[in-house]
Amino acid sequence: MSTPRAPKVAGIDSTVPPPPHTAAAIGAPLSAMSAAVSAASGPSGGPLQDRLAGWVSDLTLLHELTESLIRTGSLDDALHEVLRAGAALVGARRGMAVLEPADGLGPALTVGLGLAHAELGTIETVPRSVTSYGRILDGLDPLPEGALPRPVAIPDLRGEEDLDPRHREVAARLGYAASYALPLATEEAGKLGALVWLYDEPAEPAERQRHLVGLYGRFATEHLARLLEVERARVRLATVSEELLPSRLPRVPGVQLAARHHTGAQGGGDWYDALPLPEGALGLAVGSVTGNGPSALAAMGRLRASLRAYAVMEGEDPVAVLSDLELLLRLTEPARSATALFAYCEPAARRIVLAGAGHTPPLVVGEHRTEYVETSLSAPLGMLSCWEAPSVELSPAPGETVLLYTDGLLRRTGDAMDRAFARLHAAASSVPKADRADPGAVADHVLRTVLPEGLDAPAAEGEDVVLLAARFE
């Protein structure tokens with residue numbers, strides 16, 4: 001008579017003997033394990049061989065999963081990867097991850113696996129105190145002082161007599177019957193959040209599954225902690241960068257302004273400015289300093305403030321403005337270079353005089369033309385012992401928009417520069433007629449068309465993007 005098969009537990013056939021694991025066994029070198037397997041092998045094998053083979057299999061699986069996790073570069077991608085890998089380890093189909101760092105500094109994120117946005121919202125209507133992940137996040141389970149939260153399993157929601165009515169209702173609506181929650185916490189990283197996987201039928205992970213997902217969870221927590229610090233640093237740099245730029249654009253008769261600025265992951269030094277000048281004139285500037293991080297932001301702030309002063313004193317001569325700026329940069333920051341473009345605008349006369357130092361040429365967008373302004377070639381500021389280049393004068397027609405931008409917009413495309421310029425020109429040419437009266441709509445259309453994957457796409461993510469649009473009436 002054959003032995004009856006035991007029921008499945010959380011997607012793992014329990015007739016396969018789960019190998020006992022210890023930290024020492026998991027950490028043993030693969031070569032040593034392989035040698036042990038060979039030594040234990042015989043004509044018919046044996047329990048020791050099975051256990052050693054199980055250890056090697058588990059090590060290989062954990063290695064593959066952690067390798068996939070390491071390749072993620074953002075919190076959102078990492079959380080999705082952790083959910084996917086954890087679901088494979090515990091035998092679940094759906095799950096959700098809640099990132100809520102215990103220090104309260106954020107960011108707070110909730111992502112799902114196999115759950116739509118509306119379904120995540122439905123789960124969040126359940127009082128957190130009665131959910132498995134809520135007991136982890138809010139520390140509702142009694143623990144010794146300083147101890148880390150433990151996993152929480154609810155193997156049969158339908159059979160729980162004391163289950164909260166709302167929890168029972170949501171579980172029935174979404175069709176899950178059990179849950180297993182794992183804390184995202186280590187002594188080094190602290191408590192970052194919780195993971196919860198949902199089962200379609202009553203189930204819970206076997207001991208072997210708990211052990212593997214626990215090991216994986218500890219590694220995932222450390223990886224998420226590193227990404228968290230990177231994200232917080234990026235947000236701080238972006239905040240400082242925004243504070244160094246104009247809080248609002250001036251209102252000058254005869255011209256409408258719009259600006260778009262995005263700080264890259266490394267916090268570069270791209271900037272823009274728009275300031276009213278005497279006699280109804282307007283100064284427009286864009287630029288970029290070399291380097292990234294806090295030092296580049298500080299240099300950008302100093303450069304922008306200096307240009308403002310020179311523009312007020314001699315703005316009608318853009319060449320003089322940039323010459324003074326170059327002298328200041330060379331004397332005060334000899335190890336740094338910068339590109340800049342300054343335009344002196346007389347909106348009433350629709351007249352612009354501009355000069356550029358190693359900067360990308362402006363683009364004029366109108367009903368009858370889309371063309372780059374032919375500026376003379378010149379070196380960036382700080383590259384020559386004495387900088388000077390001729391200015392260029394242009395007269396935009398009524399309704400035309402002049403786009404000033406930094407080369408970060410072109411580099412974000414990932415194309416060679418000639419192709420990137422062509423892409424930008426095509427994007428500006430395709431601005432719908434209904435949007436041409438609004439410089440903000442023109443800028444948004446250009447950004448969407450040049451960068452269809454958005455400003456947060458991984459390609460060239462370290463690059464800042466600046467786009468300043470001026471529409472002349």
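Two strands are taken to pair if DSSP finds at least two bridges between them, and the close-up views below, all of a predicted model, use the word in that sense.

**View 1. An open sheet of five strands with antiparallel pairing.** The strands follow one another in the order S7-S8-S9-S10-S13, with strand S7 (268–277) and strand S13 (392–394) at the edges, where each pairs on one side only. Direction ignored, neighbouring strands of this sheet are turned against each other by 15 degrees on average.

**View 2. The junction of S8 and S9, with the helices that pack on the sheet.** Strand S8 (residues 281–292) and strand S9 (residues 338–346) run antiparallel and are joined by eight bridges; within this ladder, Gly283 has Tyr344 of S9 as its bridge partner. Helix H9 (residues 294–314) lies across S7, S8 and S9, and runs at about 20 degrees to S7. Helix H10 (residues 318–332) also packs on the sheet, where it touches S9 and strand S10 (351–357), and the direction of H10 makes about 25 degrees with that of S10.

**View 3. The second largest pocket, with a volume of about 320 Å³.** Its lining is made up of 22 residues, of which Asp270, Ser288, Val289, Asp407 and Glu463 lie nearest the centre of the pocket. The elements that give two or more residues to this lining are S7, S8, S9 and helix H11 (407–411), and S8 gives the most, with five residues. Sorted by residue class, the lining holds 13 polar residues, five charged residues and four nonpolar residues.

**View 4. Strand S1 (residues 94–99), a mostly covered strand.** Six of the six residues of S1 are buried, that is, each has under 20% relative accessible area. Arg94, Met96 and Val98 point one way from the strand, whereas Gly95, Ala97 and Leu99 point the other way, and the residues of both sets are buried.

**View 5. The antiparallel partners of S1, strands S5 and S2.** Six bridges join S1 to strand S5 (residues 190–199), which runs antiparallel to S1, and in this pairing Leu99 stands opposite Gly193 of S5. Strand S2 (residues 109–113) likewise runs antiparallel to S1 and is joined to S1 by five bridges, with Leu113 of S2 as the bridge partner of Gly95.

How values were computed: Residues are numbered from 1 along each chain as its sequence is written. This is a predicted model: local features need pLDDT of at least 70, side-chain atom pairs count only at pLDDT 80 or more; totals for chains, interfaces and linings use all residues. Side-chain values use heavy atoms; hydrogens and water are left out. Helices (H or I, at least four residues) and strands (E, at least two) are DSSP runs, numbered from the N terminus. Axes are lines fitted to C-alpha atoms, for helices over the stretch in contact, and angles run from 0 to 180 degrees between N-to-C directions. Contact means heavy atoms within 4.5 Å. On a 1 Å grid over the protein atoms alone, a cavity is a set of points where a 1.4 Å probe fits but cannot get out, and a pocket is an open set with protein on both sides within 12 Å along at least five of seven lines; lining residues have an atom within 4 Å of a point. Grid points are joined across faces, edges and corners, and a volume is the space filled by probe spheres set on the points. Ala, Val, Leu, Ile, Met, Phe, Trp, Tyr, Cys and Pro count as nonpolar, Asp, Glu, Lys and Arg as charged, and the others, Gly among them, as polar. Buried means under 20% relative accessible area, exposed over 50%, partly exposed in between (1.4 Å probe, protein chains only).
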